[in-house]
Amino acid sequence: GVQPCALPIFEGADRIVRQAYLEVLGREPDASGLASYRNRLLQLSWTGQDVRASLRASAEYRRSHPGR
């Protein structure tokens with residue numbers, strides 16, 4: 001099971017991902033995106049900046065921000 005101490009870390013990671021989605025894509029993260037970026041934050045030591053950079057490189061962002 002999940003240790004109680006892990007829950008705040010998950011909540012913090014989810015908050016970072018949600019904030020990045022809202023800032024970059026203007027929407028809430030979908031479940032798969034949230035899980036994917038949460039894993040990168042927790043396992044690969046990604047930062048909020050890394051998540052934002054990845055979202056800005058996404059096809060969805062490029063479609064909604066042509067010329068960037």
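Hi everyone, let me begin with one side chain. Setting aside residues up to four places away in sequence, R40 touches S45, W46 and S54. That arginine sits in helix α2, and at 27% relative accessibility R40 counts as partly exposed. R40 also has a partner to compare along the chain: V51 is 11 residues away in sequence, and the two C-alpha atoms are 8.6 Å apart in space. Please keep R40 in mind, as we will meet it again.

Now a step back to the whole protein. What you have in front of you is a predicted model. How many helices and strands does it have? The protein has four helices and zero strands. Read from the N terminus, the order of elements is α-α-α-α. There are 68 residues in the protein, and buried ones make up 29% of them. For the contacts, take those with a separation of 6 or more: residues 24 or more positions apart account for 49% of these.

Let's go to the pair of helices that R40 brings us to. Helix α2 covers residues 31-43, and α3 covers residues 48-56. In general, a pair of packed helices is described by the angle between their axes and the distance between the axes. How are α2 and α3 arranged? The two helices pack at an angle of about 140°, and their axes are 10 Å apart. That angle makes α2 oblique to α3. If you are turning the model as I speak, look for the crossing: α2 passes α3 in a right-handed one.

Which residues meet there? From α2 we have Y37, R40 and L41, and from α3 we have G48, V51, S54 and L55. Sorted by class, this contact has four nonpolar, two polar and one charged residues.

Next, α3 on its own. Which of its residues are buried? The buried ones are G48, V51, R52 and L55. Looking down the axis of α3, these buried residues fall within an arc of 95°, so they line one face of the helix.

An arginine is on that list, so let's stop at R52. This residue of helix α3 has a relative accessible area of 18%, so R52 is buried. What does R52 contact? Leaving aside neighbours within four places in sequence, R52 is in contact with Q19, A20, E23 and V24. Those partners take us to another helix, since α1 is residues 6-24.

Back to α2 for a tyrosine. Y37 lies in helix α2. Is Y37 buried or exposed? At 8% relative accessibility, Y37 counts as buried. Not counting residues up to four places away in sequence, Y37 touches V17, Y21, W46, V51, S54 and L55. One of those, V17, is 20 residues from Y37 in sequence, while their C-alpha atoms are 6.5 Å apart in space.

Two more residues connect α1 and α2 in this tour. The first one I picked is I16, in helix α1. With a relative accessible area of 33%, I16 is partly exposed. What does I16 touch? Apart from residues up to four places away in sequence, I16 touches L41 and G48. Both of these also take part in the meeting of α2 and α3 that we just went through. For a distance, take I16 and L34: they are 18 residues apart along the chain, and their C-alpha atoms are separated by 9.7 Å.

The other is L42, which lies in helix α2. At 33% relative accessibility, L42 counts as partly exposed. Again not counting residues up to four places away in sequence, L42 touches I9, F10 and A13. L42 and F10 are 32 residues apart in sequence, and 8.0 Å apart in space from C-alpha to C-alpha.

Let me finish in a loop. Where is S45? S45 is found in the loop between α2 and α3. Have a look at its backbone: S45 has a positive phi of about 60°, although this residue is not a glycine. At 60% relative accessibility, S45 counts as exposed. And here we are back at the start, since S45 is one of the residues that R40 touches. Thanks for listening!

Note on methods. Residues are numbered from 1 along each chain as its sequence is written. This is a predicted model: local features need pLDDT of at least 70, side-chain atom pairs count only at pLDDT 80 or more; totals for chains, interfaces and linings use all residues. Side-chain values use heavy atoms; hydrogens and water are left out. Buried means under 20% relative accessible area, exposed over 50%, partly exposed in between (1.4 Å probe, protein chains only). The arc is that of the directions from the helix axis to the C-beta atoms. Axes are lines fitted to C-alpha atoms, for helices over the stretch in contact, and angles run from 0 to 180 degrees between N-to-C directions. Angles under 35 degrees count as roughly parallel, over 145 as roughly antiparallel, 65 to 115 as roughly perpendicular and the rest as oblique. A crossing is left-handed if the near helix is turned anticlockwise from the far one by less than a right angle, and right-handed if clockwise. Contact means heavy atoms within 4.5 Å. Ala, Val, Leu, Ile, Met, Phe, Trp, Tyr, Cys and Pro count as nonpolar, Asp, Glu, Lys and Arg as charged, and the others, Gly among them, as polar.
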